[in-house]
Amino acid sequence: MKKRTFLKSILASSLLLGSLSISMNASAALFGKSDNEKVKIGFLVKQPEEPWFQTEWTFADKAGADYGFEVIKIAVPDGEKTLNAIDTIAASGAKGFVICTPDPKLGSAIIAKAKGYDLKVITVDDQFLNAKGEPMEDVPLVMMAATDIGRRQGEELYKEMQKRKWDIAETAVMAITADELDTARRRVHGSIESLTKLGFPAEKIYRVPTKTNDIPGALDAANSLLVQHPEVKKWLIVGMNDNTVLGGVRATEGQGFNADNVIAIGINGTDAKNELAKEKPTGFYGSLLPSPDVHGYHTAELLYKWITKGEAPNPTHLEVSDVVLLTRENYKKELEKKGL
Ligand code: FCA
């Protein structure tokens, strides 16, 4: 009953808005496009403090400027905020949203809520899981080519270790894992796969799970691993993104390691800028920069076309595989090339 009254009032207000927008249209013909008649989309991200997601927002806005739509950007660090954000988006008159969910298991709830409002949904970076924990293949997704980028991380670490002529006998790999997030699991898996293929002894690749996907979480995980292996003289550090790897580096520093006996390579690139800009090199050797610009721009563009032309994203899944290794030497130039 309540729901029906609510629907009625939505209907009534949209009729009212409809007549308002007719008169707006007339004035828009005279004065150009008004903000009220612009298509609106939401862009929801789990960790707005990461430059990665800020970059996606910036490029979604760029798509908005190019096509003439408005992007409503909302931080969704947890499930409750995510569901509230969907209400906000619907109330603002947006027709859909792009989302990097704070928890893939929210997939079914997000889709159910979006359907209730007739909102279209595109996922970015992290794939939804259904109630059974299976990937929701039918929801459009744009993400990095996780396994390939992970493999590249392992290759670059091995290459740098060889260049420095390190003795494998005194070296080990610290792999900070976040296996419940599929993209993270695939990256770390790819990295370990490359390292072992190239000849790094599997028994000296130590995995440790992080509780949270940020620097403090990774730092705790790394500390617990370091105390178990006082015999290791040199470390290679693997993790799913820059913050995870930075947590590992900070932990090694706490135990007296430095740029001479740690090689760490992150993933994201955008989030490694400050570290690479430090006057003195740290154990953080470099970062793989995929394409947050493409993810932000393209998801927004796909959603706009879906809303305005009825063209659903095809293919449904897109893995962006362009990646460049940023180091202290080239990071400024490479980031500039992408306008970052
Ligand atoms: C995940 C990570 C982010 C970024 C993104 C592409 O969402 O948490 O840091 O790497 O994938």
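Me: Which helices each supply at least two residues of the lining of the largest cavity?

Reply: Good place to start! Bear in mind that this is a predicted model. Rolling a probe the size of a water molecule over the atoms shows where empty space is left. Here, the helices that each give at least two residues to the lining of the largest cavity are H2 and H6 (182–198).

Me: How many cavities of 30 Å³ or more does the structure hold?

Reply: There are two cavities of that size. The largest cavity encloses about 120 Å³ of space. Its lining is made of 14 residues, and those closest to its centre are Trp52, Phe53, Asp126, Arg187 and Asn268.

Me: What classes of residue make up the lining of the largest cavity?

Reply: The lining of the largest cavity is a mixture: five residues are nonpolar, four are polar and five are charged.

Me: Where does the largest cavity lie with respect to domain 1 and domain 2?

Reply: You can work this out from the lining. Domain 1 (40–139 + 292–321) and domain 2 (146–289) both contribute residues to the lining of the largest cavity, so the cavity lies between them.

Me: Which residues line the second largest cavity?

Reply: The volume of the second largest cavity is about 30 Å³. Its lining consists of Ile122, Pro140, Leu141, Val142, Leu302, Pro313, Pro315, Thr316 and Leu318. By class, that lining has eight nonpolar residues, one polar residue and no charged ones.

Me: Pro315 is in that list. What is the peptide bond from asparagine 314 to proline 315, cis or trans?

Reply: To read this, look at the omega angle of the bond. From asparagine 314 to proline 315 the bond is cis, and its omega is near 5°. As for its place in the chain, proline 315 sits in the loop between H10 and strand S11 (317–320).

Me: What about phi of aspartate 118, positive or negative?

Reply: Aspartate 118 has a phi near 60°, which is a positive value in a residue other than glycine. You will find aspartate 118 in the loop between H4 and strand S4 (120–124).

Me: Let's turn to pockets. How much space lies in the second largest pocket?

Reply: The second largest pocket holds about 400 Å³ of space. It is lined by 17 residues, of which Lys46, Pro102, Asp103, Glu180 and Asn213 are the closest to its centre. The lining of this pocket comprises five nonpolar, four polar and eight charged residues.

Me: Why does the second largest pocket lie between domain 1 and domain 2?

Reply: The reasoning again goes through the lining. The second largest pocket lies between domain 1 (40–139 + 292–321) and domain 2 (146–289) because both of them give residues to its lining.

Me: Now for helix packing. At roughly what angle do the axes of helix H2 and helix H10 cross?

Reply: For a pair of helices, look at the distance between the axes, the angle and the handedness. The axes of helix H2 (residues 51–67) and helix H10 (residues 292–309) come within 7 Å and cross at roughly 45°. That angle makes H2 oblique to H10. The crossing of H2 and H10 is right-handed.

Me: And how do helix H5 and H6 cross?

Reply: Helix H5 (residues 146–163) and H6 have axes that come within 6 Å and cross at roughly 40°. So H5 is oblique to H6. H5 passes H6 in a right-handed crossing.

Me: How do helix H3 and helix H4 pack, then?

Reply: Between helix H3 (residues 79–91) and helix H4 (residues 107–116) the angle is about 15°, and their axes are 10 Å apart. Therefore H3 is roughly parallel to H4. Their crossing is right-handed.

Note on methods:
Residues are numbered from 1 along each chain as its sequence is written. This is a predicted model: local features need pLDDT of at least 70, side-chain atom pairs count only at pLDDT 80 or more; totals for chains, interfaces and linings use all residues. Side-chain values use heavy atoms; hydrogens and water are left out. On a 1 Å grid over the protein atoms alone, a cavity is a set of points where a 1.4 Å probe fits but cannot get out, and a pocket is an open set with protein on both sides within 12 Å along at least five of seven lines; lining residues have an atom within 4 Å of a point. Grid points are joined across faces, edges and corners, and a volume is the space filled by probe spheres set on the points. Ala, Val, Leu, Ile, Met, Phe, Trp, Tyr, Cys and Pro count as nonpolar, Asp, Glu, Lys and Arg as charged, and the others, Gly among them, as polar. Domain bounds come from an automatic or database domain assignment. Axes are lines fitted to C-alpha atoms, for helices over the stretch in contact, and angles run from 0 to 180 degrees between N-to-C directions. Helices (H or I, at least four residues) and strands (E, at least two) are DSSP runs, numbered from the N terminus. Angles under 35 degrees count as roughly parallel, over 145 as roughly antiparallel, 65 to 115 as roughly perpendicular and the rest as oblique. A crossing is left-handed if the near helix is turned anticlockwise from the far one by less than a right angle, and right-handed if clockwise.
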